[in-house]
Structure formats: structure tokens, C-alpha cells
Amino acid sequence: MADLSQTNAPIYEALRKFRRMRVVPFDVPGHKRGRGNMELTEFLGEDCMNVDVNSMKPLDNLCHPVSVIKDAEELAAEAFGAANAFFMVGGTTSAVQSMIMYACKEGDKIIMPRNVHRSAINALILTGAVPVYVNPDVNRKLGIALGMSVAQVEQAILDNPDAKAIMVNNPTYYGICSDLKRITELAHAHGMLVLVDEAHGTHFYFGENFPVTAMAAGADCASVSMHKSGGSLTQSSFLLLGKNINADYMRQVINLTQTTSASYLLLSSLDISRKRLALGGREIFAQTVEMAEYARSEINDIGGYYAYSRELVNGDSIFDFDVSKLSIYTLPIGLAGIEVYDLLRDEYDIQIEFGDIGNVLAYISVGDRKRDIERLISALSEIKRRFGKSGSDMLTQEYISPVVAETPRKAFYAQKRSLPLEETAGLVCSEFVMCYPPGIPILAPGELITDEIIEYIKYAKEKGCQMTGTEDINIERLNVLDY
Amino acid sequence: MELWFTERHTPNVKFSIKVDHQLYSGNSEFQRIDVFDSKEFGRFLTLDGYMMLTEKDEFIYHEMITHVPMAVHPNPKNILVIGAGDGGVVRELTRYPSVESIDLVEIDELVVEVCKKYLPTTACRFDDPRVHVFYEDGVKFIRRCNDQYDVIIVDSTDPFGPGEGLFTKEFYGSCFKALRDDGIMVNQHESPFYDEDAAAMQRSHKRIVESFPISKVYQAHIPTYPSGHWLFGFASKKYHPTNDYNGTKWSMQGIKTRYYNPRLHTGAFALPCYVEELLRDVE
């Protein structure tokens, strides 16, 4: 990589060169540069089909990179300040799972906040690792789970000195960060790895005045959703490694579940996006923050809504806040977040990221235009005028501390039976129940079902949350362990 | 030498005007602005290559978007105009001595400057003391307005580009809120003729119907707009555009027009069957 710099995009450059060579394809994919599937080619465009090609010598191979992919990964590592970087084509889910599978074998303990993404708990099913949950602190007013307090993490470490790793969200979906640096120091002092889910933190690496990144905090692994704030195609991500991780072994772990036909559309999108952020990220994210700050102040001006920001910071469970996130508390206008989310789409043709019981999140990025931000603000103002009511009878969202009865793996594979939701109190659930987005489980496999949880599920369904995870598509029945 | 301005009205239809010479070309923060001179239509203004007005036929558009609501409202004093940086609507409004204030909200300051310089036939009344110009996004401006206007005229460009916010439900809802209890909103309502224009027209009609108790549509013939058949929306909290209309009273004011007159006012609300059907589909 001696003569390469961040102005290069080796995979992209190799694809352009390859296209000019007009190689005759007698290999897969069978659409043969789109000619074999004209309807798809007309839909996606010839340029796109032309670079949907297979691994080959001039284009390297993601499973075993030796040339252009290796170069691109090294450039990415440099851009993110990591010792190594992997291009991931199975979403950030695959990056989260790889880092957990690297750190834990069957029976190993891993300390994690309960408000992790489902992909982390899925990895526990795959590996058989045992979760030690740290209950996140909760903001009672907003009803959202926050970060982990350092004291609680320390207690978990002291109670479980044999744990192999600690997992941290940086930030949460709502933009909230724990004290990653101190947690990392604590974990390392006790010989544990620090795995960071940075699905919502790509921009921390390139913008100014954002919370600390996993790599800067000295963490060991980070999964970064380049396709969220980084601008690459959906499903493309990075896995970043610190200096104490064996990258060659990590590659073997990744290859356990990764496709052998990695899409060059995804790979080139990662490559081009990394270059773009490395060269212009500072400016791009300054603009994003400016738009988010503007929207926040206008929305708070409407009254009723509360678009929150750094004022929440408390030095511990909200150690820092990502100001590019536009999270809005809606209960004071008498509407659940999910109701505002639905009204925005159905009445105003505006699709936002998610709505839960008390909040909505609008995802702001460099792709936004000022005039679209104006529309969002006006639509919120109109929703308040047309649909707002007194907020007294609203259920505030509560984080419900889970009772773990079995490991996720045991529960998932155990003998089970299906019961109507109402009859499951006191039994152990064998599947996930969650609203998606955000995809943070209300129940995970192996957890005890309580009356409180049943009531919560019913309320979320009634308000129109999109519930997923269960075998029964209508979430009227749950699978429980059959002891 | 032949120099032609061409606008695509559909992917398969073009409309061209022979250009004598170009007077101005420039880019603002929002759009490309051009002014041409031609033998047939005189000077004309285009934004991002779309025809906005020509000196020959602008009177039709500006009279119809202005005098219809001004003649229905019994006592219009406070007027809000959104868009209309060319000054044509303001020119018509300033002819009413009873009007007390005209707020004009235009997103693009350069449009106003260019029009003042090159299109004096429309941009000729900006110095009237009743006129207040605000350079900002109309969607933002109106968000903070409550119960304060008698008439709102939405002279938007097209439902794509910088003007697209002016075709949204949140905008129409904000207009409703900004109007007094007997207020009227009139808007540029696209054309019913070509498929894509008709779809945009239906979308905006649907959103207005959902926002106002009275929502009617009227038409005019504008030769330089796609198909020449153009519509305006009349949305109102109280007054019906023809039942509550007193043509004699309007005539008494002695405003001289070239297109609008009381008989045409009533007639303009009589629509062809296919247009009625398009509207009914979304009501």
C-alpha cells in the first residue's frame, strides 16, 4: 500500500479498469452484465449490472484478500484509526456476530447492556455464550434506556471475573453514549475484551466534536454501519480491530458465516464512501449537525414536543450525546411516538426512522435538504394542531429489567410449546419479541415472561408498533419452554 | 442563425420559442435563472429551464390567480403571497386601494433582483409602501402565522425543485391556520392534461380537500404552459367562489383587466367532464 493514500479507492479503481477491458464472461453471475435479464437491467441501470461481477484475480477475493481488497481494507483501517479493518457484506449484524464469536466460545460469559441490538443476542444463540446483563439506566421522563453506568459495569466485572468480554453501544439508537474510555480501562484491567456496537456511530470517526470513538478509546473491536451515516449501500459495514486482536483468526471467524460471493456493488460502495468521508467528512458532518440543531430548535419552538440534546448529559449513564440524532419526545402532545410516526407517513408522506411508545427518531444525514427539514418541522406542527390532545392518559415507556432463566442458545433449541400471549405469565420465552425498528428485544430467548411484559406488548401492538421476532406472525401466541 | 428555447412538456412533446437574444443567465443557491427576449412572446423568464412567464401571456395567469379570490372576499385587507418573485401578483394586488398590507415571501432573492432589472412589466410595484418582501422558505414563514390573513396566494413553481414544499399537506394546513375565519387561499394548481401534470394536480387537490371545508378548482388558458390548459385551486373557510360572489360589486371598483371579468369568473369554475372526474377521484 506504499503509494496509496485516502484519495484512492482501490476496489472502485479496479472495477473501472475491469470494465474497460471488456472481458467476455464465462463465469457467474449468469445475468452476464445484465444482458440476460433486461427488465432488471432497465430497472437498476446498465452501469450497475456491469459491475455486479464475481471475485477474480484482478478484483481480489473478500474471503482471502491479497490485492485490491487488501489495499482497500488497509486504507479503511487508516481512515478509522484502527489496526485492521474488514469489509463486511452481511450488514453490521455480521460484524457484531463476528466480534462476539471471536471473543466467546460455548459457556463463556459476556457482559452487555440489555438494550443491545438483536444481532448481539443472536450471536449468543450461535456461540452458546452466556449473557451477563447490565441493566441500563433509564430516563423516567422520556422512557428511554440510557447507557451503562461505570459503577454498574464495575460491579458486573467483579461479580463475573471469568467473563471474556464486555459489549458497549456507542451510541444507542437514541444517540446516548456511555463512558467508553473508563469502561475500556476497567475491562482491560480485568483481562476482558471490549466489543463496541457502533452501528450508529460512523460519523464519530470523521466529524468534529462528536463523542469518542471505539478505536480512540482503545477498545478491541467495533462494528460500524457505514451504510447509516456513512453513505454506502444498505447491508455494507466495517468491522474494526484494535492492535491486540489477531486479524488472521478474525478472518477465519468471519468466513464461518460470510458469503463466498461478496457483492462488488457493496464493496465498491464501502470503498468510495470511505474515501469521501476521509477527504470531506468534517464538512459533511458539520452540515448534518447544523441541520439537526436547526430542526431541534424549531421543533422545540412549536411547543409540546421535546427534541432533546446535550442537556441530558449526566457524566455517567449519559456520558455524551450524539447531536446529529434528532430524537423527539412526543407524549406531551398526547400522541405516542409510534402514532406520530404513522401520521407523518400516512398524512404527510414523510418516512422517519422509528417511533416507539414515547419518542420518534428522524434520521438526519448529508443527503437531507433544508427544504425537507422545513417540511418535517411543519408536519410536526400540523400534527400537533390537528391531532394533539392532553397527554395525561399516556403510558410512559418503561425499560423492563429481564429475568434470565436460561441461556439464549438453550432456550432457542429447547422443546417448546405455543400458548396464547395472555397465558404465558410466569413461563420462559423461547423466542424474541421486539418492535422493529429499533430492534431492541422486549423479550429474548430464555427470559421470564411477566404480567408487566404482556401488558407492554399489548399496548405497543394497540398503538401500532411493528412487532417482530415471534414464530406467530400476529404475536397472539408465544413459544415457551416446555419443562 | 437560429436560436431556440425548448422545454420538454412530456418525454414525447417539446415546446419551442425562437429566441432573439439572451438577457440574463445565472445560478442562485436554489436554481438556474434565465431571461430571454423573443419576437413572438417578448421577454420571458425560465427557472431551471421551465417556463415561468412571458410578457405576452403573463396577464392571464396573474389576473386569474389574483382577482378571483379578491373579488370573492368582501373585504380583503391583509394579503400573503408566497412565491411570485416576478412581481406579477403584487402588481395586480396593488390595484386595490382597500388592501392594507401585502406580505410577499420568496425563497430566492436573486429572482426578484433579476425580474426588477429585466422584467419591468411584472416587477413594477415592489416599491409600493404596503408591500413587505421576506426572503425565506414559504413553508417556514407560514408555520409561525396564526389567524392573520384574509387572502393567501400561492404562486408556486412546480411540485419538484425549490417549490415542492408548497404542494404539501403540511403547507396547506399551515395556510389554513394562517387565515382568518373567512379567509381564502388560491394556488397554482398545475394542468389536468398530460399524465404527469394531472397526477400532480390530483395530489395537490386531495391535500387541499383534506385541509379546507370548501375546495374548488377553476381554469384559464395560458398558451406557454404545458398543453395551455391550466388550473387554479380555490380553497376557502367560509365563502363559496360563485355562490358568494358579487360581480357587480367588483366591477364598481373600476379595475381595468384584459382577461378577468365577472362573467368569466363564474364560467371559469365550469370544468370539462374529464377534469371533474379527475378531481372527483381524489375527493
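User: Let's start small. Which residue of β15(A) stands opposite A:Phe354?

Analyst: That's A:Leu361. Keep in mind that this is a predicted model.

User: What makes β14(A) and β15(A) a pair?

Analyst: Two strands pair if there are at least two bridges between them. Here 2 bridges join β14(A) to β15(A), residues 359–363, so the rule is met. The two strands run antiparallel.

User: Which strands make up the open sheet with antiparallel pairing in chain A, and in what order?

Analyst: There are 4 strands, in the order β11-β13-β15-β14, and the pairing is antiparallel.

User: Why are β11 and β14 of chain A said to stand at the edges?

Analyst: Count partners: β11 (306–307) and β14 (354–355) of chain A each have a single partner strand, so one side of each has no neighbour in the sheet.

User: Let's zoom out. How many helices and strands does chain A have?

Analyst: Chain A has 15 helices and 20 strands. Its C-alpha trace spans about 65 × 55 × 45 Å along the principal axes.

User: What does the radius of gyration of chain A say when set against a compact globule?

Analyst: With 483 residues, a compact globule would come out near 23 Å; chain A has 23 Å, so the two agree. As for burial, 52% of its 483 residues count as buried. Take contacts in chain A between residues at least 6 apart in sequence: 70% of them join residues at least 24 apart.

User: Why does A:Ile11 count as buried or exposed?

Analyst: The cut-off for buried is 20 or more other C-beta atoms within 10 Å. A:Ile11 has 29, so it is buried. This residue lies in helix α1 (residues 10–21) of chain A.

User: Which residues does A:Ile11 touch, leaving out those up to four places away in sequence?

Analyst: A:Ile11 touches A:Val68, A:Ile69, A:Ala72, A:Leu267, A:Ser268 and A:Asp271. For another view of where A:Ile11 sits, take A:Val212: the two are 201 residues apart in sequence and 29 Å apart in space, C-alpha to C-alpha.

User: What makes the span of helix α5 of chain A agree with its number of residues?

Analyst: The expected span is 1.5 Å times one less than the number of residues. For the 13 residues of α5(A), 91–103, that gives 18 Å, and the end C-alpha atoms are 19 Å apart, so the span agrees.

User: Why is α5(A) called mostly covered?

Analyst: Look at the count: 11 of its 13 residues are buried. Among them are A:Thr92, A:Val96, A:Met99, A:Ile100 and A:Tyr102.

User: Where do the domains of chain A begin and end?

Analyst: Domain 1 covers 10–277, domain 2 covers 281–387 and domain 3 covers 408–481. The centres of domain 2 and domain 3 of chain A, taken over C-alpha atoms, are separated by 29 Å. Their contact takes 8 residues from domain 2 and 7 residues from domain 3.

User: Which helix gives the most to the side of domain 2 of chain A that touches domain 3?

Analyst: Helix α12 (residues 337–348) of chain A does, with 3 residues. That side of domain 2 divides into 4 nonpolar, no polar and 4 charged residues.

User: On to chain B. How many helices and strands are there?

Analyst: Chain B has 9 helices and 12 strands.

User: Why can chain B be called as compact as a globular protein of its length?

Analyst: The globule rule gives 19 Å for 283 residues, and the radius of gyration of chain B is 18 Å, which is close, so the description fits. Its C-alpha trace spans about 55 × 45 × 35 Å along the principal axes, and 47% of the 283 residues count as buried.

User: Why is B:Glu196 called partly exposed?

Analyst: Buried needs 20 or more C-beta neighbours and exposed needs 12 or fewer. B:Glu196 has 14 inside 10 Å, so it falls in between. B:Glu196 lies in helix α6 (residues 195–209) of chain B.

User: Finally, how many residues does each chain bring to the contact between chain A and chain B?

Analyst: Chain B brings 13 residues and chain A brings 12 residues. On the chain B side, α4 (138–143) and α5 (169–178) each supply at least two residues. The most comes from α5(B), with 6 residues. That side of chain B divides into 3 nonpolar, 4 polar and 6 charged residues.

How values were computed:
Residues numbered from 1 in each chain as written. Chains lettered and ligands numbered in written order. Predicted model: local features only at pLDDT ≥ 70, side-chain atom pairs only at ≥ 80, totals over all residues. Contact = placed C-beta atoms within 7 Å. Nonpolar A, V, L, I, M, F, W, Y, C, P; charged D, E, K, R; others polar. Domains from an automatic or database assignment. Rg over C-alpha atoms; globule rule 2.2 N^0.38 Å.
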